Amino acid sequence: MNALTAPTLPSQALRVRNDLGHQAAIDIAPALTALLADMFTLYLKTRNFHWHISGPHFRDYHLMLDEQSDQIFATTDAIAERARKVGGTTLRSIGHIQRVQRLLDNDAEYVTPEDMLAELGDDNRRLAGFLRATHGVCDAHGDVATASLIENWIDEAERRTWFLAASLRDPR
């Protein structure tokens with residue numbers, strides 16, 4: 001079972017009624033759930049690298065990754081609540097995240113600062129693509145509220161990508 005086919009429609013006790021319709025819940029909620037899993041994956045990876053970064057640019061990188069991880073985490077509640085508002089359910093556990101995440105974990109004991117920033121840049125770029133795809137699903141159902149939120153998250157992901165890439169440039 002993949003993220004887009006995982007059952008995310010609620011039982012009668014959790015059902016939410018709205019004007020988007022049943023098919024919107026079937027299509028949008030799983031897309032948001034996959035997005036939420038990726039956000040949690042990226043949040044934890046960014047925190048991991050924040051905790052383990054070292055080297056001559058430690059302070060700058062440490063602070064940048066702290067800011068970025070806070071920004072990523074700030075999206076999680078809004079994503080989960082949108083999945084519920086459109087009539088679906090969302091993540092329930094770490095295991096659920098693992099089953100639907102598309103971004104990869106990094107459990108390496110040591111990663112160079114340059115590789116950390118490059119990997120996070122790639123992940124944020126991929127996330128922007130996932131966000132755009134989810135925006136398309138929302139557009140197909142006239143879900144302008146979710147689409148509007150996603151537009152801001154795309155901008156944030158692109159800004160993180162830009163900062164990470166700029167931090168890797170050789171000043172010479």
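**An all-helix chain: a brief walk-through**

What you have in front of you is a protein chain with five helices and zero strands, and I should say at once that this is a predicted model. If we read along the sequence, the pattern is α-α-α-α-α. The chain has a radius of gyration of 17 Å, close to the 16 Å that the globule rule gives for 172 residues, so the chain is as compact as a globular protein of that length. Taken along the principal axes, the C-alpha atoms fill a box of roughly 55 × 30 × 20 Å.

Let me turn to helix H1, which covers residues 22-52. How far apart should its ends be? At 1.5 Å a residue, the 31 residues of H1 should span 45 Å, and the end C-alpha atoms are indeed 45 Å apart, which agrees with that expectation. As for its surroundings, 22 of the 31 residues of H1 are buried, so this helix is largely enclosed by the rest of the structure.

Going back to the chain as a whole, buried residues, meaning those under 20% relative accessible area, make up 44% of the 172 residues. Among the contacts with a separation of 6 or more, 80% come from residues 24 or more positions apart in the sequence.

Finally, the surface and the charges. The chain exposes about 9400 Å², and carbon and sulfur atoms supply 54% of that area. There are 18 positive and 24 negative charges, and the mean positions of these two sets lie 5 Å apart.

Conventions. Residues are numbered from 1 along each chain as its sequence is written. This is a predicted model: local features need pLDDT of at least 70, side-chain atom pairs count only at pLDDT 80 or more; totals for chains, interfaces and linings use all residues. Side-chain values use heavy atoms; hydrogens and water are left out. Helices (H or I, at least four residues) and strands (E, at least two) are DSSP runs, numbered from the N terminus. The expected span of a helix is 1.5 Å times one less than its number of residues. Buried means under 20% relative accessible area, exposed over 50%, partly exposed in between (1.4 Å probe, protein chains only). The radius of gyration is taken over C-alpha atoms; the globule rule is 2.2 Å times the number of residues to the power 0.38. Contact means heavy atoms within 4.5 Å. Accessible areas come from the Shrake-Rupley method with a 1.4 Å probe; for residues, only the protein chains shown count as cover. Lys and Arg count as positive and Asp and Glu as negative; His and the chain ends are not counted. The place of a charge is taken as NZ of Lys, CZ of Arg, CG of Asp or CD of Glu.
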